[in-house]
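Biologist: I would like a close look at one part of this assembly, namely the places where chains meet. Please take the contacts one at a time.

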Amino acid sequence: MQSENNQEKSGKKYWRSLEELAESPDMLAKMKNEFPSGAAELEVTPGVDRRSFLGIIGASAAFAGMTTTGCIRKPREKILPYNKRPEDLVEGKPQYYASVGRFGGSVFGLLVTSYEGRPTKIDGNPSHPMSLGATNTFAQASVLDVYDPDRSQSVLQNGNAISSARMSMKALNKSLAEAAAKLKEIAGTGDKLALLIEAEPSPTLNSVIKNFKEQFPGVKVSIHDAAMRWNEAEALRLLGFKNAQLLTRLENADVIAAFDADPLGIEGDVVRNSKMFATKRRSVDENGTMSRVYVAEPAFTNTGAVADHRLSIRASAIGETLLALAAALAAQGVSLPQEIVTRGQQVVPTNASWIKALATDLRLNKGRSLLLVGQNQKAWIHGIAFAINDALSNVGNTLEVRTSVLPDAIPLSQLASLMKRGSIDTLVTVDANPVYTAPADLKFEELIKTLKFSLHLGYHADETALASTMHFPKSHFLEQWGDLVSTDGTAAIVQPVIEPLFASLSELSFLSGLMGVEKSSYDLVQSTWKSEASMNFESSWRRWLHDGVISSKVGNTLTDQPNFAGLSQQLTGIGASPVPTASQMELLLTLDRSVYDGRYANNAWLQEIPDTVTKLTWDNAVMVSPKTAKEKGIKTGDFVEITIQGGSQTKLKAAVFVVPGVAENTVAMALGYGRAGFNGRVSTGTGFNAYSLLTGDSHSALGVTVSKVPGTYELATTQEHGVSDYQYDTEVGAEALKTRGVMREVTLATFRNDPTLEKSFKKFELGKKENHRTLLWKQPNETRGNQWGMTIDLNSCTGCNACTAACQAENNISVVGKKRVLMSREMHWIRIDRYFTGNVDNPDSIQASFQPLACAHCETAPCEQVCPVAATVHGIEGTNDIAYNRCIGTRYCANNCPYKVRRFNYFNYSKENDEENPLYAMQKNPRVTVRFRGVIEKCSYCIQRVNAARIEAKVRGEEILQDGAVITACQQVCPTEAITFGNLADEVDSKVKQLKASPRNYAVLSELALLPRTTFLTKVRNTNPELEPSTQL
Amino acid sequence: METSVTLANLEERVDKRAPLVLGRETLSSVTDIVARPMEMATPNAWWICFLLALSGLGILGGSIAYLFWEGVGVWGLNNRVGWAWDITNFVFWVGIGHAGTLISAILFLFRQKWRTSINRAAEAMTIFAVICALIFPGIHVGRVWVAYWLFPIPNQMAMWPNFRSPLLWDVFAVSTYFTVSTLFWFVGLIPDIATFRDRSKGVRKFVYGLFALGWRGSHRHWLNYERAYLILAALSTPLVLSVHTIVSFDFATSQLPGWHATIFPPYFVAGAIFSGFAMVINLMIICRWVFKLEHLVTMRHFENMAKIILLTGSIVGYAYAMEFFIAWYSGNPYERYIFVSRATGPYAWAYWTMITCNVVIPQLFWVRKIRTNLWALFIISVFVNIGMWFERFVIIVTSLHRTFLPSSWAYFRPTIIDISTFIGSFGLFFTLFLLFIRFLPIVAIAEVKTVMPEADPHNHDNKEGAH
Amino acid sequence: MTPIFPKWTNHIPTVVAVGAPVVLVSVVLFVWYFFSPKWTDVGYSPKQPVAFSHQLHAGQMGMDCRYCHSTVERAAFAAIPPTETCMGCHSMVQAKSPKLQLVRDSYKTGEPIEWVKVHMLPDHAHFNHSIHVNSGVNCASCHGRIDQMKVVGQAQPLSMGWCLECHRNPTPNLVPKNQVTNLGYNPAKEGYDPEKDPHRLRGVNPPQHCSGCHY
Amino acid sequence: MSQKQDLYGVLAEFSSASEIYHACEKVRDKGFTHWDAHTPFPVHGLEKAMGLKPSKIPWIVLALGLSGATGGMTLQWWINTQAYPLVISGKPYFSWQAFVPVTFELGVLLGAFGAVFGMLFLNRLPMWYHSLFRSQRFERVTDDKFFISIEARDPKFDATATSKMLTELGATHVELVEQ
């Protein structure tokens, strides 16, 4: 399906025409012509088509009973054919390009869909080992960043654009040359020069930096990136591995213990981890076994949510708990370094039984277990974890030590102290945004302003850009050449899909430009890989681009024995940490699941994606557990003031969000919001800047005071929304859930004793089960060909939201904004319902479960019979269709939908979106109608993909589609393969057919005899019999 | 005092009590009494009320214009609660309308002579209420400009409406109801308009003459006329019952807990009559006082209406209780929960307002003193209408905001436009009603005459007019 | 005294009783005919920037439709040929003709020629050329005898009802695959029976459900 | 004679329901055919006194009502099974149960039309001009007076004799009315 890439030849002309376009004053107007020339027929010209289309409807109102399209002279539409059609481009047919990207500390392969040169969607590259076809929310949403109207569009000098006119590539290169000259003059040999980069594992970048060092021998290289695993690297250094990193192999792990770690959420190679983790969860169907997950964490993460046993424990206690675990293991005869064991014996753990059970489980699963520690934890804690993994001979099986591609560099804190001392007076920042993301106590903004000369390359005119002497616009990774290496050493080429919409530079061309070298990043990348090529470079280059993977791996696995001497020294003086109290609380700062470290703050999709656990959109908040909240007398929406004791008396006023699962007397806050220094039209006014509380290297601080201050703040959640009392609703909801068979969950033990699960589900069945499928009437037999159906495996779903993001990208779903989410008018077609179970007063008993829910395409859909104009009726292939243009908007169907999955366009959202962010329209998928004011919309089972596949099949002369011929957007993206879509009428059993035969298969609200085509696979918790199951299931 | 009142035994109890027309009124004096409001110089009170009503109408116009311009989003609705004030107001107004038809049609069939002096005003109220009601389903749709798709009109799309949808049944039921009520009302008006043709001069004479259709009291006409009137009454009776039944189908035929209930049709009809009569009382008390109709609209009329309110109010109360019982008895957790949450959840305040106004307060009518006291009558009737509006609100909103999946629970808050649209609809109603009392006979003159002793051809002890 | 209304007014009811239905029927018929796409859309033939004659190219010279509209068998949309296609011949043929000035300019400057769209479907109706062509629906079924048009005009209403007519009974519009671009081909006259066509691998069953075209 | 031509008939005024009742009985017995009674309100039983046949309205209503109902059901059947059969909630195409309400409403609607327009038709209304409107006194027919009119075209009619008869029957006033 990927088309052989040859931009170089065929693309060129087409791109240049785009380049002119980028320079022209009114680019949008031109884009309408240039871009979807063909797509003019494919209704995607920004706004226009839909608007004229609305016009048509509007006018037709005047002609009662007549056509909606005829009876008025339609607006004169133009067709603008290509001048020279690029090779292998067929108007209206998508093209797929392989590339690679770095998202939240993970590098994985991508497959970019593009229509007439517009990238419209990003998916995972199946042949890339770190992606295997899946992606995450960040990757899905990053396509929107290309069209971010606030992306930096010109060079800034001391924070002001050097010219008001639209910047041309020529002008940009000119000022780059000037900057280069100035840099040479000021920096000289670079003794006082520093280069600040992000943790980007790119060989070509490394070679460029090498050259940079040759030109400026004295230059200090520093890395500042939320994804940078300093503590892990430091720990490995202590153990004798230079410049190394860890690669997790969850596919081999039967017991996973995560301590304040989130391998399935935002830490490390999330996509691959999830893929591998899921194989050990879905296996419960094949051979009745599955992995067991223990999690000890201060606040809910995706990993914590899927845990079979979850300990709600404050961040500062992770170290001692690990020591205790080590001791417990030693007691069971596992040989560990003496220093660790003795330390461990001194600790008096609060959860001895839990630790003992875990120890036993780990020991029994030697070599098949894995202990993980979060990146916020200190180096020595990582060291202990490694020691334990080593003792359990997990290293090599579930864990690998690999050489890192990153250049060795100093952390930001050291750079800052150098700057303070004045031993740095020139700074070149690439991509990083330290002014916003640096710890508050570094006062980085002041520091950077003291410098003689500072350069910045960034995608946005962000805080650092404004503070620096000069800022240069960076191109999106879909607009530039480059290369990236994954943790497992897989290298891939970053290949452009579109010419930069605005004059901008890649890191490579920027740095080489500063060295006065006129070299295109394309040549730089090629020269890096010349050596790798087997015989004919040109052909292997093409193959690499086509596959999206470079045949040979970079770096290697380190197998030499760790040396614990260094670690042992670190442990001296380590003991039990002080326990936080209501007056002296513990602060926990986490990376955000929507905006990461703030870099996605201007991405409307991500801002509106409901957080996995809190379901919070457009904001972050101070999260406290219900117990603590009750004690402190604060509730959701209240304002509190957080004060860091000691050193810098930093304060922050922020709103409270009460949510179960947060450790006692801990306040947790996500970073990346409240970017006062950057006024993006999306990011402005969202959340509170938690960086102002970040001091030192650690993301958790002890002894902070939290005091209620007057005033309240409205937090927009997509669950329990708008309710007067959040607590009331979560609790009543959880209570109600016990009697409703909506979210079904059993323990593995129960499942084994009751393989059909009939006994376990008895309490949920209303009336006789056999009646749930019997109807009073005879269904009309219109059904022929494929019969579409879907199963969603609740056992592997980690609630990561990737499906929601993918669906939004695929189906042109509008963003509605905070005000309307508050009114519960969000438009997501697939939402992930989060349910808590357990007793709010006992944090350890709290568990969360996820249920992705979209239209279930009921065979006896209640929505259909109530529509007065037959706008939503059944398709012959068992889909519940909506003809948007037939809908008159009574909302009766939405009312009558028991799953509440129908969404109404209360305003002309898509039009508003286009007016607010003029470029967004270019992302629209031409195969899906853009909805307009006053119509209902909902999941269509990606009917556009179904139709495309059917048409292709019919053209080939086939009737029935093979299993896998149609993959829905949510299924394609799902990193845990929880979603399966396929043909139920398949003779040879399709995957979905088999899954529906599983005893775990159940229909939500089956007693209503809706015969939904989407059913769910029961969640199974593999609880340890030695421990009380956290909740009675 | 009597313990139960049924329409059947109402008549002879009532006849024992008081004549239908008080004082020494003659045929022509009756005409004069009714004619007074139309022939007297416009009272200032009328002008003040009319201006108030007009400004209300203006608010309605403004709100609707804004709604059309911006979209349905200007209301507080959301993806969980897709209907709220819009449909509440619709059901509320349709309900109000029912009393009119009940008085004119059903009481007519039951030969309830006492209806004659109030049925004209009541019918007018019906028509105006139904006009107000018709607005809401009209403007609540997302794309008003294609609302005509609701009617089976041949079109290039070869598409037809879906006759399985209760909403489409509504379209037919309510529009039929409106048409038939209007015809019924006009037929009743013909002889009286003729009366005014013969009383008035100039333009008025011409206009009345136009609408009198040349009525000359011919008894050959009366023969067909009475038969047609009787049949219309006979048709309207099942019609009025069907209309609110079908309105209740909007909810009953869905499968939402709190909506899906077989008890709805009778319960809705009772509720409609309940609120309708309350409205009639309010209106008649005012008209009677302003236009000195004490001799035609007697306390006996009010007392009868009060009794009907008492009866229907109790029926409604019974329905509320029965809903709870069924919910519990069904053993269906969803049903059980929705009713518990109505009484205890976020909307408990609305629920208890409803109970107080609809079930508790009307019980005061057991006391004769209260049901014969105009002030009490007026205030209690107002409460009844508040209660009935809340009944619809409770049914629609509380059911929608707590459906099957706890994840989809939400809360509805009205916006200023919700409120202004509702208030505006009263403006429309009173504008029409004030015009009516100014230009048309608010009492059916010919009918009142038939219930006077003079009307009986065999009444020989009456010497009136004999020489 | 004299009555309000003169005697003749008594005839009004009769007149109305007879007249009203007549008026009503004629209004319906008027709307039925004049408001339908058959009247409003058919025959729309705007002036094009370049006076390209299909009659000449497709008709007299007998060029195959697919020579220019090359994507029609592969894609949803039958692409208007890029300028280079025109120049393929016209760099030699009529190389100097003033009629072709615009084409030559476009070829030089790279600015596309702004053709005016003739066959416009609403945005929410997804029509796919490839499946129709591959099912053996003759171009003329929807576009009429393009090969006889000097200036292209809309030949069919392209209304939903019109689409459905064929989707409910496609047979009359089916021709042998190799006759699809033969606009003159008349299956009825040729006695063509799709059932018996050996080259057809599958029966033609066009969708009639909403999501067949609207999504 | 010409005078006879433009004479409509004789109009007699009575002042109470009972009087006109008895007067009508007499006129009926005299065998007049083209005559009528005019009253401000339907006087109970006067049709007997006048010997009128029962109204035909019910038959008209029945006919129209039935056609309305059948039409309604037929329309729905045609749309759902012939015009464009659609699978809706997996219900049968012709789910007649759902079609009852509309059928009923259409029946009632046409029935009501039958009643109203049937009545107007049988009464030959609207008839804005009528000879009786020439009489000044006749204006009170819609207030409190009762009238009997006997038309000149009645074979038994004789201007003087008929007027005399009516006076004897107790008419308080008798006048001749022109065409």
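How many residues of chain A are in contact with how many residues of chain D?

Modeller: This is a predicted model, in which local features need pLDDT of at least 70, side-chain atom pairs count only at pLDDT 80 or more, and totals for chains, interfaces and linings use all residues, while side-chain values use heavy atoms and leave out hydrogens and water. Residues are numbered from 1 along each chain as its sequence is written, with chains lettered from A and ligands numbered from 1 in the order in which they are written.

On the chain A side, 13 residues are in contact with eight residues of chain D, contact being heavy atoms within 4.5 Å. About 960 Å² is buried between chain A and chain D, 64% of it on carbon and sulfur atoms; buried area is the accessible area (1.4 Å probe) that two parts lose on being put together, summed over both. A:Trp777, A:Pro780 and A:Gln865 lose the most area on the chain A side, together 45% of what that side buries. Between these chains the count of salt bridges is zero, a salt bridge being a side-chain nitrogen of Lys or Arg within 4 Å of a carboxyl oxygen of Asp or Glu. Six residue pairs, both at pLDDT 80 or more, are in polar contact across the interface of chain A and chain D. A polar contact is a pair of N or O atoms within 3.5 Å; within protein, one must be able to donate a hydrogen and the other to accept it, and residues adjacent in sequence count only if both atoms are side-chain atoms.

Turning to chain B, 68 of its residues are in contact with 71 residues of chain A. About 5,700 Å² is buried there, with carbon and sulfur atoms giving 54%. B:Asn79, B:Arg80 and B:Arg143 lose the most area on the chain B side, together 14% of what that side buries. Two salt bridges are found between chain B and chain A; B:Arg80 and A:Glu826 meet in a salt bridge through their side chains at 2.8 Å, N to O. The rule also finds 38 residue pairs in polar contact across this interface.

B:Arg80 also touches A:Asn895, whose other contacts include B:Trp83, B:Trp259 and B:Leu400. A:Asn895 counts as buried because its relative accessibility is 0%, the limit being under 20% relative accessible area, with exposed over 50% and partly exposed in between (1.4 Å probe, protein chains only).

Definitions and conventions
Lists of a residue's contacts leave out its neighbours within four places in sequence.
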